[in-house]
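Visitor: Hey, got a minute to walk me through this one? I'd like to start with the contacts.

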Amino acid sequence: MTGAARARVFLGCRLVLVCVFLAWFASFYRDGFGFTSVLHFNQRGAETRVERMRDVPVAVDSGAGYDGQYYVQLAVDPLLTDPSIDGALDSAPFRARRILFSWTAWVLGLGRPSWVVQAYCIQNVLFWLAFAAWLRWRLPGDTVEDLLVWTACLFTPGMLDSTRLALIDGPSACLLAVGLEALERGRSFAGALVLGVAGLARETNLLAGVSVLPRRLTRRDAGRALIAAVLVIVPTLIWFDYLRSIYRSTVTQSLDQLSMPFVAYADAWERLFRVARRAGFLSLRALPWLAFVGTTVQAVHVLAARNWRSAWWRTGVAFIALMLVIRAEIWLGAYLRVLLPLTLAFNLSLPRDRTFWPVFVLGNLGLTTSVSLVASAFR
Amino acid sequence: MATVGGAEQRALSVMVPSRVSVQLRVPERAVLSTALAVDAGGGHETGAGVAFSVGISDGRTYESLMERTIVAADGASWQPVQIDLRRYAGWQWSFFYRPSSIVWEIVFNSYSSGPAGEPLRALWAVPVISGAGR
């Protein structure tokens, strides 16, 4: 096959995968409600909505609902000026700390509540598409390996969960990736600033701040690292200060999300393995265990790589540390979103040698969950 | 006036449960002073008492400032309380928090604690807020 023909084949594969993703997302559209089914408003949440959103039609979930219903309300009141938002959210100070993608939705929707709501619902897709383009630039080769890594980053279950539940984790990981790449290319201040902005999306993104630490212990590098560290932390501090002016001492609500190292991890391993063994390792009920094994392989591989000079490696290690202390509830499924930066660090640092195939397959066992998720929309 | 343990003080005597609130601008370097006691009146169950709490609100966020439970007992005395209100007035390390521009609501709560029995009354020695100025 000539180079041009090969490029066309790989481009075609990528376009097909993008179309699959878009078709999957289109399945969430509801007449009269647009894409609001991804918000997962429960009955109570729909009734106690923030004032500005009362007239916006939203699809109501018959179940318990999910967190997208809270972030979208922040999007229609991004500076929390309306006190009705305090009762509308499950924990206003906690949700408001993750404000970034509520702001972006407000800007995309030009501040009009009905537009802002739809913008919030689709912004995961917009970020996904931008991330797909960015990854193509990051993985320019027309090789099976690059195509697989591209697919694994975009279709990892954490990314799909973020999209179908209108959460902040997918866009947040995209932003982190851009910041880390800038650091890798020596643009330490620009990278640090992007990481600082990403901190406004999720406080855990600040863990990526380890990537601005100096590569060598010289006075110049230490000075630059100090400035970069300030750039990482300042946006969060300013926003935290704003929230403190509203919520005062309650602003730190829900910061105690950690458990003793290894305890929740070991518990999740035992629980998921038991379910998989009982149901059969090839059954659908074994998928969570496979995803869990995949995440563990990612962690082991990143640790073994020992590449202190790499911003991705340092971030991966920071998220491994987080992985070991996250609470048991997070291991019920949210960990695939929370640990998205680890998944990206793993995939983007896979060596193109004979170890690629086994490590790629084992580290991406979670993709079986993604296949199941996407397929469920077409049944 | 209420006398507890031989000491007489001007006091608010309220049924439990009760909630008393006052709205004010807190002066700089303010301290809220009061004293607490339980009026058992016609007797009490062993272990019965009153849980006192003081909180502050700007109409949006409520913060607890003090919680204390006093068991009704013979030989009781006034329990002095001092609450630092400096965070609610004056200059603060913040770009956005301007507490001196806020009319605060200080809330005095009392509710029964321990076994139910004869109704108790909560005694709040008249609260005084002292500070550097208005």
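Visitor: In chain A, how many of the contacts between residues at least 6 apart in sequence join residues at least 24 apart?
Guide: 70% of them. Contact here is two residues whose C-beta atoms, placed from the backbone, lie within 7 Å. This is a predicted model, where local features need pLDDT of at least 70, side-chain atom pairs count only at pLDDT 80 or more, and totals for chains, interfaces and linings use all residues. Residues are numbered from 1 along each chain as its sequence is written, with chains lettered from A and ligands numbered from 1 in the order in which they are written.

Visitor: And chain B?
Guide: There, residues 24 or more positions apart account for 80% of the contacts with a separation of 6 or more.

Visitor: What's the secondary structure of each chain?
Guide: Chain A has 19 helices and zero strands, while chain B has zero helices and 11 strands. Those are DSSP runs numbered from the N terminus: helices are H or I with at least four residues, strands are E with at least two.

Visitor: How much of each chain is buried?
Guide: Buried residues make up 45% of the 379 in chain A, and 25% of the 134 in chain B. Buried means 20 or more other C-beta atoms within 10 Å of the residue's own, exposed means 12 or fewer, and partly exposed is in between, with C-beta atoms placed from the backbone.

Visitor: Which residues of H17(A) are buried?
Guide: Nine of its nine, so to speak the full run 340-348. Among them are Leu340(A), Pro341(A), Phe346(A) and Asn347(A).

Visitor: What about the largest nonpolar core, which residues have the most contacts inside it?
Guide: Ala75(A) and Tyr120(A), in a core of 108 residues. Helix H7 (residues 113-138) of chain A gives the most to this core, with 10 residues. A nonpolar core is a set of buried Ala, Val, Leu, Ile, Met, Phe, Trp, Tyr and Cys residues joined through C-beta atoms within 7 Å.

Visitor: What does Ala75(A) touch, leaving aside neighbours within four places in sequence?
Guide: Ser102(A), Ala105(A), Trp106(A), Val116(A) and Tyr120(A). There's also a second, separate core of 27 residues, which includes Leu36(B) and Ile70(B).

Visitor: Switching topic: where do the chains meet?
Guide: 12 residues of chain A are in contact with seven residues of chain B. Helix H12 (residues 219-247) gives the most on the chain A side, with seven residues.

Visitor: How do H14(A) and H18(A) pack?
Guide: At an angle of about 135°, with their axes 7 Å apart. The axes are lines fitted to C-alpha atoms, for helices over the stretch in contact, and angles run from 0 to 180 degrees between N-to-C directions. H14(A) and H18(A) are therefore oblique to each other: under 35 degrees is roughly parallel, over 145 roughly antiparallel, 65 to 115 roughly perpendicular, and the rest oblique.

Visitor: Any odd backbone spots?
Guide: The peptide bond from Val16(B) to Pro17(B) is cis, with omega near -5°. Pro17(B) sits in the loop between strands S3 (11-15) and S4 (18-24) of chain B. Ala166(A) has a positive phi of about 50° although it is not a glycine, and Arg29(B) has a positive phi near 50°.

Visitor: Are those two buried or partly exposed?
Guide: Ala166(A) is buried, with 28 other C-beta atoms within 10 Å, whereas Arg29(B) is partly exposed, with 14 inside 10 Å.
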